[in-house]
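Let's walk through this protein together, from the whole chain down to single residues. Keep the 3D view open and turn it as you read.

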Amino acid sequence: MPTAWARRANNNLRKIPYNLVEPEHPVLHRPAGRVVSFGMEELDVIAHRLFLTCKMNGGVAIAAPQVGIPLQIVVVDEGDHGVVFCNPVVETGGKLVAGTESCLSLPGRLFRVPRHHRAVVAGQDINGEPFGADVSGFNARKWQHEASHLAGRLLSDDFPEVLLPNGPQTKGFAG
Ligand SMILES: [Zn+2]
C-alpha cells in the first residue's frame with residue numbers, strides 16, 4: 001500500500017500533463033511492450049496524465065509511446081473523461097474509407113489515410129479485466145491510428161502527406 005505521502009504526491013502528479021516526445025524518438029519507432037502489472041497506483045497516474053496530455057494538445061486519443069512510455073496503453077477522449085485500454089488488439093473490417101489524419105507526434109502535418117470502416121478492440125481495463133469496444137466510422141479510424149502507435153508506426157511511415165498551399169495545418173483528426 002502506498003503511504004499517505006506517496007498518495008498525496010501521486011494526486012498532484014495526476015494533474016501534470018506529459019511532454020510529447022519528438023518524432024525521431026526511438027520509442028515511437030518500435031513495438032510497445034505489454035502491460036503485465038495491474039491495479040497499481042502508478043498505472044492510474046499514467047492514465048490520468050495521458051488523458052490530460054491528449055486534451056491539452058487537442059487530440060481525440062493518445063498512446064503511451066507518444067509521451068515516451070514504451071507500453072501498450074491507449075486513452076481515448078470521451079469528452080469529460082478518458083477510457084483506458086491496456087494491451088488492445090484491434091481487428092478491422094468493412095470497406096476502406098478515405099480520410100485525412102494528423103498526429104500529436106507529427107505537429108502541423110496532415111496525411112491522406114484510408115481506414116477500414118469497422119474496428120473490434122479487445123484489451124484489458126486498468127485493473128486487468130477483459131475490456132473491449134466494437135466501433136465504426138470515426139471511432140474505428142481512431143483505433144486504427146492508435147494501434148499503429150503501439151506497433152511502432154507513424155503516419156509518415158505509411159501514408160502520403162497532404163501538402164497544402166497555405167502551409168502546415170492540423171485541422172481534423174489528431175491522435
Ligand atoms: Zn498519432
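Of the contacts in the protein with a separation of 6 or more, 70% are between residues 24 or more positions apart. Here two residues are in contact if their C-beta atoms, placed from the backbone, lie within 7 Å. Before going on, note that this is a predicted model: local features need pLDDT of at least 70, side-chain atom pairs count only at pLDDT 80 or more, and totals for chains, interfaces and linings use all residues. Residues are numbered from 1 along each chain as its sequence is written.

How does the overall size look? The C-alpha atoms fill a box of roughly 55 × 35 × 30 Å, taken along the principal axes. A compact globule of 175 residues would have a radius of gyration near 16 Å, and the protein has 16 Å, which agrees. (That radius is taken over C-alpha atoms, and the globule rule is 2.2 Å times the number of residues to the power 0.38.)

Now for the parts list. The protein has four helices and eight strands, and along the sequence they follow the pattern α-α-β-β-β-β-β-β-β-α-α-β. These elements are DSSP runs, numbered from the N terminus: helices are H or I with at least four residues, strands are E with at least two.

Five of the strands form an open sheet in the order 1-2-3-6-7, with antiparallel pairing. Strands count as paired if DSSP finds at least two bridges between them. Strand 1 and strand 7 are the edges, each pairing on one side only. From one strand to the next, the twist averages 30 degrees. Look at strand 3 and strand 6: eight bridges join them, and one pair of bridge partners is E91 and V120. Strand 6 also pairs with strand 7, in the antiparallel sense, over seven bridges. Their hairpin has five residues between the strands, and G128 takes a positive phi near 90 degrees there.

What lies against these strands? Helix 2 lies across strand 1, strand 2 and strand 3, at about 50 degrees to strand 2. Helix 3 packs on the sheet too, and its direction makes about 60 degrees with that of strand 6. For these angles, axes are lines fitted to C-alpha atoms, for helices over the stretch in contact, and angles run from 0 to 180 degrees between N-to-C directions.

Stay with helix 2 for a moment. Its 16 residues should span 22 Å at 1.5 Å a residue, and its end C-alpha atoms are 23 Å apart, which agrees; the expected span is 1.5 Å times one less than the number of residues. Among its buried residues are I46, L50 and F51. A residue is buried if 20 or more other C-beta atoms lie within 10 Å of its own, exposed if 12 or fewer, and partly exposed in between, with C-beta atoms placed from the backbone. The buried residues of helix 2 pack against helix 1, strand 1, strand 2 and strand 3.

That brings us inside. In soluble globular proteins, nonpolar side chains tend to be buried together. The largest nonpolar core here has 34 residues, and L50 and I73 are among those with the most contacts inside it. Such a core is a set of buried Ala, Val, Leu, Ile, Met, Phe, Trp, Tyr and Cys residues joined through C-beta atoms within 7 Å. Helix 2 gives the largest share, five residues. Leaving aside neighbours within four places in sequence, I73 is in contact with V35, I46, L50, A64, V84 and C86.
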